[in-house]
Each structure stands twice: as C-alpha cells, then as structure tokens.
Amino acid sequence: MPTPSTNNQGTVTAIRGGVVDVHFDGDLPRVNNLLRTGDDNAIVIEVALHLDTRQVRGIALTPTQGLARGAVVEDTGEPLRVPVGKNILGRAFNVFGNPIDRGEIPTDIELRTVHSKPVPLAERSTRSEIFTTGIKAIDVLAPLERGGKAGFFGGAGVGKTVLITELIHNMVGAHQGVSIFCGIGERCREGEELYREMREAGVLDNTVMVFGQMNEPPGARFRTGLTALTMAEYFREDLGQEVLLLIDNIFRFIQAGMEISGLLGLLPSRLGYQPTLASELAALQERIINTRRGAITSIQAVYVPADDFTDPAAVHTFSHLSATIVLSRRRASEGLYPAIDPLESNSKMLSPQVVGERHYRIARQIRLTLATYEELKDIIAMLGIEELSRDDRRTVFRARRLERFLTQPFFTTEQFTGQEGRSVSLEQALAGCDRILDDEFSETPEQALYMIGAIDEVKQKPASAAPPPKPEDAA
C-alpha cells in the first residue's frame, strides 16, 4: 500500500542483519513509525528504539540486501497501516496488507493502524457465553467461550488443518460471521495447501487470510498477528459481526519476538526468551475480546517446545487461554476423528454456573467412564475382557460407544470420504451422550455409533459399516 511522505529524511549509520540504525538531523520519528529506503523505497523499517536525540534503531520488515551506510531514509510519519473493508473477504494478504493471491488490489477500502489499543473495560461484555461449534467433542467436553481464546495442541497429521477448516465452515453457516486465518511462520507449502483446500471446500468467500512466512524477516512475522487482528476488529466493531480468528502458530509469534530482542541487543531472560515476552503476548491477546457489538473468538495452534509445559512460552500462553484442546496421534491412528483427547482437553467454561448442571454432570460422567476404560486397557491387553467384572465390562462397552459417538463426519472432508458432513447442536450432542451413559444402546453394535451426527441416526446406520481399529488392539 502506498505510504505518504513527511520530507523528514535521515541517513543509515549502521546495519546488522535486520537491525538498522538511522541518524536524523531534524525531528526523530516516533516509535513504531515506518521508515522507507533502498531502490523505489522497497526496504521498510519499523522504529523500535530511540538511541539518543539524533539516532533511532529500527527492525527491517523486508530483506535488507543492497542497503549500505549513508543511504537516505525517509520517515513516513505513521505506523504500519493495513486495509479493512468488505472487499478484503476471500483474499490473502501479507503483513503490509498487500494481496499475495495474484488478484487485483482491493478497492473501496480504508487503511487503519495495526497499533490500536485494547477496548476499555467499560465497553466489554461481561457475560460468559458458550460459542457453539457444531462439533460434538468440543461442545460437550471443552466448550469454547464467545470472545475467548482456545489453544489447539497437536503435531503434524492429526487433523489440525481439517478441524480449522471445519470451524470456518460452521462459523459461516451457524453464526453468520467471518473468519480470519493468520499464518505466523507458515511454510509456503502449508499456506498454499490451506488456501486451495478452503477454496475447494467453499469457505474462502467469507474468509480473510494473512501470512507471515518462514522465509520473511522476524519483524514481518512479529507484526502479522496485529495485521490480522486489525482486520478482525473492523468486522467486530464496524459491522457488528461474529469473527473467528485462527492463529497458526502462536509460538512462532513469540519466537519472532525473541529473534528481534536478540537483534536489538536486549539482555535475554530465562531460556533465551525476550524480557518483554509477557507484555508483547498480552498486547496481542488482550485485543481478542467480545464487546456489545460483536465478538472475536480465537483458535490458536500452540507448539510446546520439547513437550515441556513449564517452558515460558507455554506458561504465558496458557494464562490467556479459556480452553485447551489436545489432538491425540493415538486416536487419529485408531480412526477416531476428530482426534480430540477427551481426558487431556479442558475448558474454564465447563462449570455448572456457565453450562448448567445437566451439561456439567454429563461431561463429568463421560470423563470418568473414559478414564476408567484407560485404566482397564492394560488388563484387557494381558488377560482379555472376559476377566473383568460385570460392572467393568459395562463401563468398557459404554466407553467404546462414547468414543465412537464423539466421532463426526466433516463438511470439509466430504470430497475425500464420500460421507455427508454433520453439524450437531449442543442439545443433540448432550442427549446422545446421556442416552449412551444410561445404557440405552448397550445392545446396539458399537460401529453403528461411528461417524454419525445426532444419536437418532443410529437406526439409519447400516449394520455393515466398517468399524475403526479397536483401541485394545492398539494398546
């Protein structure tokens, strides 16, 4: 996007990778102002520090190849601004708001700064509301908060991208809202595949995609989240819409800040992280809230370094999340999709005061049943299920039917599986789980509960449906 000029010029005095020092004879640019230099002003630098009354230190948002000492630098007089408006829907952008999908530059748009302040407490909504997703395993066991943040923990190949595209599909259908996907540290292959899959699934028209790729400087990756959040705030405040903000991966945001901190020469804190980790993460997370006009609900993929949940990046991220959803590779290998681990996943919203006594009771009974089944798996593997007591066998049969009922065919995978997608209301999901816990389907083959929507579809399920691999076989 074109940036205005203030005729306030300086000269480059030092270059160290992505860090550039600039001397100004006149007024110093403000912190976060953009500076432009190089051929055709193609190199963009964001002011990070004031070194003295004449020098600033900036972080390059673009590669600095070809830049030399003495080069003329121009102060734009304003921070990074990105386009907002209805015409950005269905498009893919970089951190500057420039389209990267080979399409035309959107028209009838407005440019807004990415450094806006969080909404004051007086204007925030204080009601705790459930954000229904239409996915049984999430709505029953780890309900999301409207205007809250949920973390998805999972490695490659466990269905994380499929779950994200399904959430976008359900968001468009059920909540009449928009979705914004923010790829921080995305690989080119991942971004291209996601864009193509979303286009083929028919959910791209109500989605905005923002990418900060792995090959870009840390400054660009560090600001990608703010670019996406600024676009989300427009749909929330100006249009009063529900917004689903998907961030993949929040750890890459922290990692980019760590790289910038090292480039600036700041003294690192524990494990090499930046001393400003908490404030930088809070500056992003505190803008994801619900107001009287609309709500931004965020789903964030979280990478945990070396599976160490005491790592500072994980600890600071956990403090902002209202729901934690763990995707299990073992469940994925058993064909139980979505591969959400019902025992490891949890939500602050799962309390009687928020979801009600009935929902809370059913969720607790499901977890108790599945936990007992996990404890009995070793005995089943060694001695067989016949050696269990009658009550334990009933618990195992109940747990296996619950596991299969919590699977669900997705709309975004219809073209691959040939199965029609299902969106299940919270009441339908609770009723199905409650009836299974009451042993209403104890005589029903467990495969009849596999990959269905509401529990009433059991009678329509053909008896020859192929069951997934048995958990005790995998144990």
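S179 in strand 13 has L244 as its bridge partner in strand 15; helices (H or I, at least four residues) and strands (E, at least two) are DSSP runs, numbered from the N terminus. That link is part of a parallel pairing of strand 13 with strand 15 over six bridges, where two strands pair if DSSP finds at least two bridges between them. Before going on, note that this is a predicted model, in which local features need pLDDT of at least 70, side-chain atom pairs count only at pLDDT 80 or more, and totals for chains, interfaces and linings use all residues. Residues are numbered from 1 along each chain as its sequence is written, and side-chain values use heavy atoms, with hydrogens and water left out.

Strand 13 has another parallel partner, strand 14, with seven bridges between them. Here G183 is matched with F211 of strand 14. As a general matter, strands of a sheet pair through backbone hydrogen bonds, either parallel or antiparallel. Is strand 13 enclosed by the rest of the structure or not, and why? Nine of its nine residues are buried, so strand 13 is largely enclosed. Buried here means under 20% relative accessible area, exposed means over 50%, and partly exposed is in between (1.4 Å probe, protein chains only).

Now for the packing. The largest nonpolar core has 50 residues, and those with the most contacts inside it are I180, V208, M231, F235, L245 and F253. By nonpolar core we mean a set of buried Ala, Val, Leu, Ile, Met, Phe, Trp, Tyr and Cys residues joined through side-chain atoms within 4.5 Å. Elements giving two or more residues to this core include strand 13 (178-186), strand 14 (207-213), strand 15 (242-248), helix 4 (218-237) and helix 5 (250-263). Helix 4 supplies the largest share, nine residues. V208 is a good place to look around: among the residues it touches, leaving aside those up to four places away in sequence, are I88, F93, I180, M231 and F235. Contact means heavy atoms within 4.5 Å.

Next, follow helix 4 to helix 5. Their axes come within 8 Å and cross at roughly 135°; axes are lines fitted to C-alpha atoms, for helices over the stretch in contact, and angles run from 0 to 180 degrees between N-to-C directions. That angle makes helix 4 oblique to helix 5, since angles under 35 degrees count as roughly parallel, over 145 as roughly antiparallel, 65 to 115 as roughly perpendicular and the rest as oblique. Helix 4 makes the contact with P218, G219, R221 and F222, while helix 5 uses F253, A256, G257, E259, I260 and L263.

Elsewhere there's a closed barrel of six strands, running 1-2-5-4-3-6 with antiparallel pairing. From one strand to the next, the twist averages 45°. Within the barrel, five bridges join strand 2 (residues 19-24) to strand 5 (residues 55-60), and V22 has V56 as its bridge partner in strand 5.

Finally, two loop residues. D40 sits between strand 3 (33-37) and strand 4 (43-50), and D40 is exposed, with a relative accessible area of 79%. T444 lies in the loop between helix 13 (426-437) and helix 14 (471-474), yet T444 counts as buried at 18% relative accessibility. Not counting residues up to four places away in sequence, T444 touches R401 and V458.
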